Amino acid sequence: MRGIHSGTADAPVCGPCTTPDAELWRPCPTCGQAERLHAPGPCPRCTLKQRLHELLADGTGSINPKLQLLHDALADTERAGTAMRWLSQGIVSTVLSDLGSGRRPLTHKALDELPEGKVVEHIRSVLVATGALPQRDEQMVRLERHVKDLVSSHATAEGRKILHRYATWHLLRRLRRRSRGKDITHYQLTVARQHLRAAVHLLDWLEEHNLTLTTCRQADLERWMTSDDARHRPGHFVRWALAQKIARDLSFPAERWNGPSQAMDDEARWDTARRLLHDDTLKPEDRLAGLLLLLYAQWPAAISRLTIDHIEETDGAVHIRLGAVPVELPAPVADLALQQVAVRRSHAVLAQTDSPWLFPGGQPGRPISAWAMGERLRKLGIRLAEARSTALFQLATELPAAVLARTLGIDITVAVKWQRAAAGDWGAYAAEVSRRHHDV
């Protein structure tokens with residue numbers, strides 16, 4: 001952004017434009033528009049369009065209709081210089097040229113053959129955001145690739161068979177069922193990887209001790225639990241093996257949640273909430289995200305996946321749909337939510353796109369990652385786990401488990417556990433609700 005040197009509040013003028021050099025303002029030889037040209041030749045936008053045609057056109061000079069969508073989105077971007085710098089990266093221009101000429105098919109599989117890295121993933125996200133490629137669950141693809149590499153690298157044939165069965169027919173299948181057609185989250189990916197690593201470590205330890213899941217006994221398992229590898233906690237894998245009758249006579253109890261382990265500091269929570277409600281020096285999107293955590297106990301992963309459709313305005317009231325039942329937002333939070341819907345920016349490389357995400361990420365067409373959202377909240381001074389635990393604990397003292405689950409989008413079993421931890425008196429709650437209706 002350039003500093004404002006003159007003009008009016010409605011039409012500010014930056015420094016270089018305050019006393020323009022008439023010799024620099026001349027028509028572009030290609031489009032005829034008057035531009036502040038610093039060198040002879042076409043203006044930046046015409047230069048961008050020429051470069052795009054060079055990269056995306058085939059031998060006949062025509063552009064694949066799917067790539068035409070990419071061409072138009074890049075050509076219409078507000079920041080032609082940013083798009084040109086992106087295209088100047090060697091691997092970007094090479095990949096786009098290969099796609100345009102037909103040397104590389106315009107498919108996800110063809111991009112998967114390229115070396116993994118952020119640049120290739122960014123190219124993929126641009127192609128998806130512009131409609132040149134279909135949407136794909138990238139987290140699931142990474143997990144499937146991880147499963148394949150992990151299984152194939154295991155030392156024994158029996159171990160590979162068990163790992164494939166556990167990963168493919170249990171972990172992946174359960175994830176697909178729970179996601180219900182939606183992309184899995186980074187947290188789900190991490191948990192699945194942890195279960196797989198724990199299974200691999202246990203199988204490796206059994207092999208080192210001339211054991212298998214079938215021959216392993218409780219004494220052997222307890223010996224494992226005293227080793228350094230026990231930190232991987234393969235309980236999920238062991239219980240699956242018992243259910244599948246691959247192992248027998250073993251006991252690996254599930255860890256029970258006995259209430260919040262973080263400190264409860266409701267006063268600090270409300271102090272931070274008041275700061276986010278009234279401090280205009282903070283970014284509005286950060287204020288909104290922080291309030292969703294502090295007031296409605298939403299994890300960064302859940303906040304990052306909110307779309308503009310989760311915000312509803314009817315009859316002057318603004319609601320947010322975190323679970324099955326929308327929640328009405330109080331005025332200051334409602335204003336921040338409506339502002340975020342209106343001003344959220346698309347990616348700098350592309351023209352404005354119809355991104356559904358309430359908090360767009362660094363890659364076009366994708367939301368901000370849960371990790372990045374968490375980092376932004378931490379910079380506000382919010383201790384994520386402590387703040388969410390405090391919010392849930394307080395809400396669980398005020399609402400029954402069923403209401404908590406339906407409004408906050410958490411599982412009913414989780415809501416029940418928080419209800420018990422908070423030791424709320426739901427009989428008193430029902431009586432209070434009854435009195436409210438009677439008073440009305």
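Two strands are said to pair when DSSP finds at least two bridges between them, and the exercises below apply this to a predicted model.

**Exercise 1. Describe how the chain is made up and where the confidence of the prediction is highest and lowest among its elements.**

Step 1. Begin with the inventory: the secondary structure comes to 21 helices and seven strands, and of the 440 residues in the chain, 40% are buried.

Step 2. Consider next how the contacts are spread along the sequence: among those between residues at least 6 apart, 58% join residues at least 24 apart.

Step 3. Turn to the confidence, where the average pLDDT of the chain is 82 and 83% of the residues score at least 70. Among the elements, helix α14 (residues 284–296) has the highest mean, 94, whereas helix α21 (residues 426–439) has the lowest, 51. Where pLDDT is low, the predicted coordinates should not be read in detail.

**Exercise 2. Work out the order of the strands in the open sheet and the sense of their pairing.**

Step 1. Take strand β5 (residues 311–314) with β6, which pair in the antiparallel sense over four bridges. One of the facing pairs is Glu312 with His319 of β6, and Thr314 stands opposite Ala317 in β6.

Step 2. Take β6 with strand β7 (residues 327–328), an antiparallel pair joined by two bridges. His319 appears here again, with Glu328 as its bridge partner in β7.

Step 3. Put the pairs together: the three strands form an open sheet in the order β5-β6-β7, with antiparallel pairing. Because β5 and β7 stand at the edges with a single partner strand each, one side of each is left without a neighbour in the sheet.

Step 4. Look at the connections, where β5 and β6 form a hairpin with two residues between them, and β6 and β7 form a hairpin with six residues between them.

**Exercise 3. Determine which way the side chains of β6 point, and what lies across the strands β5 and β6.**

Step 1. In strand β6 (residues 317–320), Ala317 and His319 point one way, while Val318 and Ile320 point the other way. All four of these named residues are buried.

Step 2. Helix α16 lies across β5 and β6, and its direction is at about 110° to β5.

Step 3. Within helix α16 (residues 331–343) one finds Ala342, which counts as exposed because its relative accessibility is 61%, and the cut-off for exposed is over 50%. Although Ala342 and Ile308 are 34 residues apart in sequence, their C-alpha atoms are 9.3 Å apart in space.

**Exercise 4. Describe the packing of α10 against α11 and say which residues meet.**

Step 1. Two packed helices are described by the angle between their axes and the distance between the axes. For helix α10 (residues 186–208) and helix α11 (residues 218–225), the angle is about 115° and the axes are 11 Å apart, and the crossing is right-handed.

Step 2. On the side of α10 the contact is made by His201, Leu202 and Trp205, which meet Asp220, Arg223 and Trp224 in α11. The residues of this contact divide into three nonpolar, one polar and two charged.

Step 3. Continue to helix α12 (residues 235–243), in which Gly235, His236, Phe237, Val238, Trp240 and Ala241 are buried. What covers these buried residues includes α9 (157–179), together with α10 and α11.

**Exercise 5. Find where Lys245, Asp249 and Asp315 lie, and give the phi of each.**

Step 1. Recall the background, which is that most residues other than glycine have a negative phi.

Step 2. Lys245, which follows α12, has a positive phi near 60°.

Step 3. Asp249 is found in the loop between α12 and α13 (266–278), and its phi, near 55°, is a positive value in a residue other than glycine. Asp249 has a relative accessible area of 53%, and therefore it is exposed.

Step 4. Asp315 lies in the loop between β5 and β6, and its phi is positive at about 55° although Asp315 is not a glycine. With a relative accessibility of 84%, Asp315 counts as exposed.

Notes. Residues are numbered from 1 along each chain as its sequence is written. This is a predicted model: local features need pLDDT of at least 70, side-chain atom pairs count only at pLDDT 80 or more; totals for chains, interfaces and linings use all residues. Side-chain values use heavy atoms; hydrogens and water are left out. pLDDT is the predictor's confidence in each residue, from 0 to 100. Buried means under 20% relative accessible area, exposed over 50%, partly exposed in between (1.4 Å probe, protein chains only). Axes are lines fitted to C-alpha atoms, for helices over the stretch in contact, and angles run from 0 to 180 degrees between N-to-C directions. A crossing is left-handed if the near helix is turned anticlockwise from the far one by less than a right angle, and right-handed if clockwise. Contact means heavy atoms within 4.5 Å. Ala, Val, Leu, Ile, Met, Phe, Trp, Tyr, Cys and Pro count as nonpolar, Asp, Glu, Lys and Arg as charged, and the others, Gly among them, as polar.
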